[in-house]
Amino acid sequence: MTVCLLLLSVVAVTAAVPVPRALTRSAWPEREPVVALWVWQCLVATVLLCCVTALALGAAAVFGTVRAQLFAPAPPAVTAAYDLSTAPPWAATLTLLLACGAAWTTAMLGRELVEARRRRAQARAHLRERAPDLPAGLPAARGPLLVLEDEYPDAWWMPGSPSQLIVTTGALHRLTGHQLDAVLTHERGHARARHDWLLHLSTALATGFPRIPLFAHFCDQTHRLVELAADDTASRRCGHLTTALALIELNQHRGVLSCASSHRLLGERVDRLLEPPPRLGRRHRALTTTTAALVPLLPLLIAFAPGLTALS
């Protein structure tokens, strides 16, 4: 059991500190944002699985009731292979820390979901004020696209049930038909990929554990990569140049080509669309995706290794 806990700690620390820092310095995520998002999710899943597995083993070693319930269906040889009766002195401390971390993570996720629902309710109430109900006798359903009377050019996707695409009349006047199609395709890309759930998860983890490099980088990179992935969705349908021009027209008043830090991502997105980076080959993309998917299996293999050895 001591070896399992040590191996789980090594895997968790490796996935939480050096790997994220190396990934943020790599150039390939800009070329393949969808693959990069998958890699980040696999790293987060690896760390969380390491913590949950270590918590289960530690609790089984410290508390006899947990041990009896956890290993109830297992043969006696499996229970003996884990050697839970001779737990190291630090197992209780580690178990307590992991239990506190699990409770804090759950609280942060719950708070993020509550805050997101509150913000969404406020946004929908604001939309009802700006887009009042239709007169009696006309259909009440607005459909998936809502047009607001506003000279300020903007377009965004509001998740929820039902989700809605919202565009202002200022954007309709400023954009051409092809550019408007690119903007709406960009927003539909967010909706189809359910990027809102990724953003909620990354924000909750970064808020709860700001000093852990993995969660801090995961939050920053997720907010960046979801935009790049949606840009790719729009450019595949409407073309790189059309999507770049639509982005410029829609954000020109915000200083899209400014060097200010708050607008730097917009400038990077425009440059990326005007000069598309070379994509990874299909074989390299499949290899990266498969390797990332196998990484979360490491905690499970480490946890089940003593039991599998005993059964064999």
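## T168 and its surroundings

Let's start with T168, which touches L148, D150, Y152, P153, D154 and W156 once residues up to four places away in sequence are set aside. This is a predicted model, and in it T168 sits in strand 3, the stretch covering residues 164-168. With a relative accessible area of 1%, T168 is buried.

One of those partners, D154, also shows up in a polar contact: the T168 side chain gets to the backbone nitrogen of D154 at 3.0 Å.

## Helix 4 against helix 11

Next, the helices. Two packed helices are described by the angle between their axes and the distance between the axes. For helix 4 (residues 33-62) and helix 11, those values are about 155° and 8 Å. The pair is therefore roughly antiparallel, since angles over 145 degrees fall in that class. The crossing of helix 4 past helix 11 is left-handed.

On the helix 4 side, the contact uses P33, V34, A36, L37, W40, Q41, L43, V44, V47 and L48. Helix 11 answers with L214, F215, H217, F218, Q221, T222, L225, V226, L228, A229 and D232. Sorted by type, the residues of this contact come out as 16 nonpolar, 4 polar and 1 charged.

Q221 deserves its own look. It belongs to helix 11 and is buried, at a relative accessible area of 15%. Ignoring neighbours within four places in sequence, Q221 is in contact with T24 and W40; W40 is one of the helix 4 residues in the helix 4 and helix 11 contact.

## Helix 9 against helix 11

Helix 11 (residues 213-238) also packs with helix 9 (residues 177-193), at an angle of about 135° and with the axes 8 Å apart. That angle makes helix 9 oblique to helix 11. Here the crossing is right-handed.

Helix 9 brings H178, D181, A182, T185, H186, G189 and H190 to the contact. Facing them in helix 11 are V226, E227, A230, D231, T233, A234, R237 and C238. The breakdown for this contact is 5 nonpolar, 6 polar and 4 charged. V226 of helix 11 appears here and also in the contact with helix 4.

## A closer look at H186

H186 is a helix 9 residue, and it is buried, with a relative accessible area of 7%. Leaving out its neighbours within four places in sequence, H186 is in contact with E227, A230, D231, A234 and R269. Among these, E227, A230, D231 and A234 belong to the helix 11 side of the contact with helix 9.

Within helix 9, the side chains of H186 and H190 are joined by a polar contact of 3.1 Å. For a long-range reference, take T95: 91 residues separate H186 and T95 along the chain, and their C-alpha atoms are 45 Å apart.

## From helix 9 to helix 10

The loop between helix 9 and helix 10 holds R194. What is the phi of R194? It is positive, at about 55°, although R194 is not a glycine. Most residues other than glycine have a negative phi. As for solvent, R194 counts as partly exposed, at 38% relative accessibility.

## Helix 7 against helix 10

Past that loop, helix 10 (residues 195-208) meets helix 7 (residues 90-130): the axes come within 9 Å and cross at roughly 130°. Helix 7 is thus oblique to helix 10, and it passes helix 10 in a right-handed crossing.

Helix 7 supplies W104, T105, M108, L109, R111, E112, L113, A116, R119 and R120 to this contact, while helix 10 supplies D196, W197, H200, L201, T203, A204, L205, T207 and G208. By type, these residues split into 9 nonpolar, 5 polar and 5 charged.

One of the helix 10 residues is W197. How buried or exposed is W197? W197 is partly exposed, with a relative accessible area of 47%. Along the chain, W197 and P159 are 38 residues apart, and their C-alpha atoms are separated by 9.6 Å.

Conventions:
Residues numbered from 1 in each chain as written. Predicted model: local features only at pLDDT ≥ 70, side-chain atom pairs only at ≥ 80, totals over all residues. Heavy atoms only, no water. Axes fitted to C-alpha atoms, helices over the stretch in contact; angles between N-to-C directions. Helix = DSSP H or I, 4+ residues; strand = E, 2+ residues; numbered from the N terminus. Parallel < 35°, antiparallel > 145°, perpendicular 65-115°, else oblique. Left-handed = near helix turned anticlockwise from the far one by under 90°. Contact = heavy atoms within 4.5 Å. Nonpolar A, V, L, I, M, F, W, Y, C, P; charged D, E, K, R; others polar. Buried < 20%, exposed > 50% of the residue type's maximum accessible area, 1.4 Å probe, protein only. Polar contact = N/O pair within 3.5 Å; in protein donor to acceptor, adjacent residues only side chain to side chain.
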